[in-house]
Amino acid sequence: MPQEMPRSTSAAGSIDHTNIAVIINAADPLSVTVGEYYAHARRIPPVNVIRVTFPGGAPAMSLDQFRRVKADVDAATPSRVQAYALTWAAPYRVGCMSITSAFAFGYDPSYCASGCTPTKLSAYFNSASPASELRMRPAMMLAGRSFPEIKALIDRGVQSDGTFPRGTAYLLLTADKARDSRVPVYPTVKSVTAGLVNIEILRQDRLTHREDVMSYFTGSASVAGPDTLRFLPGAVADHLTSFGGMLTDSNQMSALRWLEAGATGSYGTVVEPCNFPQKFADPAIVIGRYVTGATLIEAYWKSVAWPGQGVFVGEPLAAPFMPRR
């Protein structure tokens, strides 16, 4: 896909603490604690904190249950809200969709696929329009195994704001050819981010003992060595594989491992996507939009053309390259 240098999204219409809603599962004590801490840390208006109740912990939410919960959320959501922060790790899926895409678009099977087929294109993909004009609300999961882990994630996001870190984006070409389907866009990353961020394209299976990781994109069922890295506050990292978005029960590496290692945002698919690069983040877009002022949720969401099967996790309002307000 041809890429253009994205315009800054830090102008009016961007997602910030006034127009994101925090969704809390009142039946889940960890969700309550996380949601309340996040609302305080990000100064989110109380009217934007929405409590619903459903049985938590299972990987998938039934379609009937989701429709009930979504109707409750819709009824309580102020009109100015443009995005959602979901404060749990499970459920991460609704039917054939990720829960973040189901909250964003509503449940719509056209965003799903059975087997190796394309899905509906996201109108938000690489768009200059705010989500409110597209009649959708991107969602991201504030997820982890414990409150200390999620608190650390939130604190990294807040700490990152306006720091303009001088880090490096690492793009790996591995021996796993099936999962290297994003490699053809790697040269584009250099062209659209020239002078804005350091880029290293490396032909190796793992990255270890680096102190300046701002982005890390690779393709592998399981990635060795993330705990040896120093991720800068606001860093993003993900690995193209089939089940990285199965956050709590994957037989591959969960996207949560990146957050545990110190990243602030990640992404993975919740059902078999095949290796379509369109079902994963385009590094040129996510890095390009991030370094020109977008929040994490905007940059990540706008980088995935077919996001229906993928779940976004992290601190949505992290904005390392947006001037402090």
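What follows is a chat about salt bridges, aromatic pairs and a small set of strands in a predicted model.

Trainee: Okay, charges to start with. How many salt bridges does the structure hold?
Mentor: It holds 14 salt bridges. Keep in mind that this is a predicted model.

Trainee: Give me one inside a helix. What does Asp-72 meet in a salt bridge?
Mentor: Its partner is Arg-68, with 3.9 Å from N to O. Helix α2, residues 63-76, contains both Asp-72 and Arg-68, and they sit four residues apart, about one turn of the helix.

Trainee: And how does Asp-72 count for exposure?
Mentor: Asp-72 counts as partly exposed because its relative accessibility is 40%. Arg-68 is also partly exposed, at 39%.

Trainee: Next one. Which residue forms a salt bridge with Glu-149?
Mentor: That's Arg-145, and the closest N and O atoms are 3.3 Å apart. Here Glu-149 is partly exposed at 24% relative accessibility, while Arg-145 counts as exposed at 62%.

Trainee: Let's look at Asp-238 and Arg-182. How far apart are the closest N and O atoms in that salt bridge?
Mentor: They are 2.8 Å apart. Asp-238 is in strand β11 (residues 231-240) and Arg-182 is in the loop between β8 (168-173) and α5 (186-192), so this salt bridge ties together parts that are 56 residues apart in sequence.

Trainee: Are Asp-238 and Arg-182 buried or exposed?
Mentor: Both of them are buried.

Trainee: Back to Arg-145 for a second. Which residues do shared salt-bridge partners join with Arg-145 into one network?
Mentor: Glu-149, Asp-227, Arg-257 and Glu-260 are joined with Arg-145 in that network.

Trainee: Switching to rings. How many aromatic pairs does the count come to?
Mentor: The count comes to 17 aromatic pairs. Take Phe-105 and Trp-301: their ring centres are 5.7 Å apart and the planes are at 70°, so this pair is edge-to-face.

Trainee: Where do Phe-105 and Trp-301 lie?
Mentor: Phe-105 is in helix α3 (residues 99-105) and Trp-301 is in helix α8 (residues 296-301), so the pair ties together parts that are 196 residues apart in sequence. Trp-301 counts as buried because its relative accessibility is 0%.

Trainee: Got another one? What sort of aromatic pair do Tyr-290 and Phe-321 form?
Mentor: Tyr-290 and Phe-321 are edge-to-face, at 6.1 Å centre to centre with 70° between the planes. Tyr-290 belongs to helix α7 (residues 283-291) and Phe-321 to the segment after β13 (310-314), so they tie together parts that are 31 residues apart in sequence. Tyr-290 and Phe-321 are both buried.

Trainee: Which residues form one aromatic cluster with Phe-105?
Mentor: Tyr-111, Tyr-267, Phe-280, Tyr-300, Trp-301 and Phe-312 are in that cluster with Phe-105.

Trainee: Last topic, strands. What order does the open sheet of three strands have?
Mentor: The order is β3-β5-β6, and the pairing is mixed. The edges are β3 (60-61) and β6 (97-98); each has a single partner strand, so one side of each has no neighbour in the sheet.

Trainee: How do strands of a sheet pair?
Mentor: Through backbone hydrogen bonds, in either a parallel or an antiparallel way.

Trainee: So how many bridges join β3 to β5?
Mentor: Two bridges join them, and β3 and β5 (residues 93-94) run parallel. To find the spot, look for Ala-60, which stands opposite Arg-93 in β5.

How values were computed:
Residues numbered from 1 in each chain as written. Predicted model: local features only at pLDDT ≥ 70, side-chain atom pairs only at ≥ 80, totals over all residues. Heavy atoms only, no water. Salt bridge = Lys/Arg side-chain N within 4 Å of Asp/Glu carboxyl O. Buried < 20%, exposed > 50% of the residue type's maximum accessible area, 1.4 Å probe, protein only. Phe/Tyr/Trp six-rings, centres within 6.5 Å; stacked < 30°, edge-to-face > 60°. Pairing = 2+ DSSP bridges.
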